[in-house]
Amino acid sequence: MRIFHFLLMTMAALLLAPVQAVAQLPGAAGADHIAARLVAESDAPAPGSRVTLAFVMEPEPGWHGYWENPGDAGLGMTAKWTLPSGVTAGVLRYPVPETLLISGLMNHVYEGRYAILTTLDIPASLKPGTKLPLRVRGDWLACTDQICVPAGADLALDLTVGDGAISPKMRATFDGYRAHLPRSLGSQARFAVANGKFRLAIPFPATAQISQPWFFALTDGALKYATPQRVTRNGDMLIVESDAAETAPAEVKGVLRTGDHVGLSIDARPGAVPAAGTPVGGAQGQTGGNGGLSTILLAFGGAILGGLILNIMPCVFPILSLKALSLAKAGGDAAGVKREAWAYAAGVIATCLALGAGLLALRTGGAAVGWAFQLQDPRVILLLLVLVTAIALNLAGLFELRAIGAGQGLAGKRGVAGAFWTGVLVAFVATPCTGPFMGAALGAALVLPVLAALAIFVGLGIGLALPFLLIALMPAIRAHMPKPGAWMGAFQRWLSIPMFVTALAVAWLLGRQVGVGGMTIGLGAALATGLLLWLVGLRQHAGRSTAIVALVLAALILVGGMVLLPPAGSASAAASSSTASIPFDEGRLSQLRGEGKPVFLYFTADWCLTCKANEAAAIDRSEVAKAFAKAGVTMMVGDWTNADPAIGRFLESHGRSGVPLYLWYAPGKDAQVLPQVLTPATLTALVNG
């Protein structure tokens, strides 16, 4: 099929543009459309070592190269080596490709600069100073959406056997290339073919993040490449469904894309595949994954429903209840009620939109953040703690806060401004709350185009503001609301309870981030603010106002607390120091081994189901912790969720391309590789045997 398509495109090019095509068809000239060069990570590889090489490919604008399985059309790269005696080259390793649909044919391509890696094994018998002339003939196909040109080049690179030194610049460059290689999943996948459908089950923890999923089959003939793929979650399984090809292979290998130019190597054998589950945001079809209208509408509806349910959360319901009562108390001022309602909705939607835009901007900049990202900053948590405490004390009757008070007028400019800022307050206070339907909707927003994603955040604001809008815009609803009376004061006091609970939860969150000391500072700031508001309440009851002075003093308390707060992450650092678990560091590992201390080193990732199962069943067990503590074992953890280059190199040096990897370093001995399935007995035997 690929050869036929290639010949067809070449013939069309000859017929439509004979002069241009004839000039491009010779192989050497074709290299101009995809320039290639051969680069070594080290120009002086050591005897007995392995050096990484890169074919750096740079297509011209509008041109593209192909993955090792090019899809319905195209050809991958081939390399013929001429090497010094004893030097051997490894297989070509391709980065995660892109999809390109042309005339109903799916192509697995690279449209920008990319690097294909390989390794050279240097014989231990070679002496320093030995010259290593490397020669390779590379052939590939360069295409646009209208024409394909056979291309190739004779590439040369001269190395000299030396000490294996790698410059920091070259190390960083190759680490960038490695980051785009697919990582080994570490778990067995299963596939089934029935009724013309290809279904693939991939072990993948339900909590692991994924965007723009697409399965690139390396095994030819497993599925129809151009058919839309449906990706869903069923517990700790990703289910990929598509149309099957003519024959059912004995095994299927490929790459699952999990993000922008990142993915996992998949090895699947025939077996039972669970039923489809919840659709994964960003799953692609023939359009290439820009988010179909149905996906956007579904996510938008989920955001509205999630925002609507958010109104009954402990941190939102009290404020909403008081605003609803204030509307009921407004009586016949229908125009004022509507102005207040629209102002409130504008405040809610504007805040949700601002938070959503900030979230998308941070993710575009490379930050791995999600909804409520601002809560990663302890200063924001402190602000929220003081704010929620003030609201709770207001509801308890300690003082009057006009923006959310139950008995304030709604007419005039002041009322509209107060309603707007109340909406801002509600949306901001709702940040730590999470309601049903929000997770899927906001998860979809993170993989949709920007305008569609922002629409999802607008939907969240609409849902959050909807009850207030309905009460304000529909007199029939207000007519059935309880009439104002003395009971409102008691009801307001009761509403303070969920706000105090919310304040307690925020204080706990602050403690988790900056430790007991930071939580103490936060509680101190909340207490000082409470005392200040008590004094404000006393003066209010005496008919005097000290609003400006109170605001200044509250701001000073807040700023002082922010200055005194420990840095973010200090709590987790303290927790780590209280146990034997430390982050992976090769230098620290060498130091511990030099000191004769036993070390248990393991590598994990959030997307590795086998890793998580071993951690729950064996590594995180109390009997293992006690045995390791008694023997003085240092537990070192390498988290490869985000493809840390240092971890990637370490895995490669141990002959592994993925996780999990479990290593035991007994004092004075080399690493012992442990089984990939652990039990508590396996680990305790290391120190008790």
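So, why is strand β17 largely enclosed by the rest of the structure? Keep in mind that this is a predicted model. Okay, β17 covers residues 252-259, and seven of its eight residues are buried, so the strand ends up largely enclosed by everything else. For the buried label I'm using under 20% relative accessible area.

Now, who sits beside it? Take strand β14 first, residues 214-217: it runs antiparallel to β17, and four bridges join the two. If you want one pair to find on screen, go to Phe-215, whose bridge partner in β17 is Leu-256.

Then there's strand β18, residues 262-270. That one also pairs with β17 in the antiparallel sense, this time over seven bridges. Look for Val-255 here, with Ser-265 as its bridge partner in β18. β17 and β18 make a hairpin with two residues between the strands, and in that hairpin His-261 takes a positive phi near 60°.

Right, on to the packing. The largest nonpolar core has 62 residues, and the ones touching the most other members are Phe-55, Leu-200 and Ile-202. Strand β10, residues 148-160, gives this core its largest share, six residues. There's also a second, separate core of 22 residues, with Met-499, Val-514, Ala-526 and Leu-558 among them.

Let me go back to Leu-200 for a second. Leaving out residues up to four places away in sequence, Leu-200 touches Phe-215, among others, and that's the Phe-215 we just saw bridged to Leu-256 in β17. Its other contacts include Phe-191, Leu-238, Ile-239, Val-240 and Val-273, plus Arg-190. As background, nonpolar side chains tend to be buried together in soluble globular proteins.

That's my bit, thanks!

Terms used: Residues are numbered from 1 along each chain as its sequence is written. This is a predicted model: local features need pLDDT of at least 70, side-chain atom pairs count only at pLDDT 80 or more; totals for chains, interfaces and linings use all residues. Side-chain values use heavy atoms; hydrogens and water are left out. A nonpolar core is a set of buried Ala, Val, Leu, Ile, Met, Phe, Trp, Tyr and Cys residues joined through side-chain atoms within 4.5 Å. Buried means under 20% relative accessible area, exposed over 50%, partly exposed in between (1.4 Å probe, protein chains only). Contact means heavy atoms within 4.5 Å. Two strands pair if DSSP finds at least two bridges between them.
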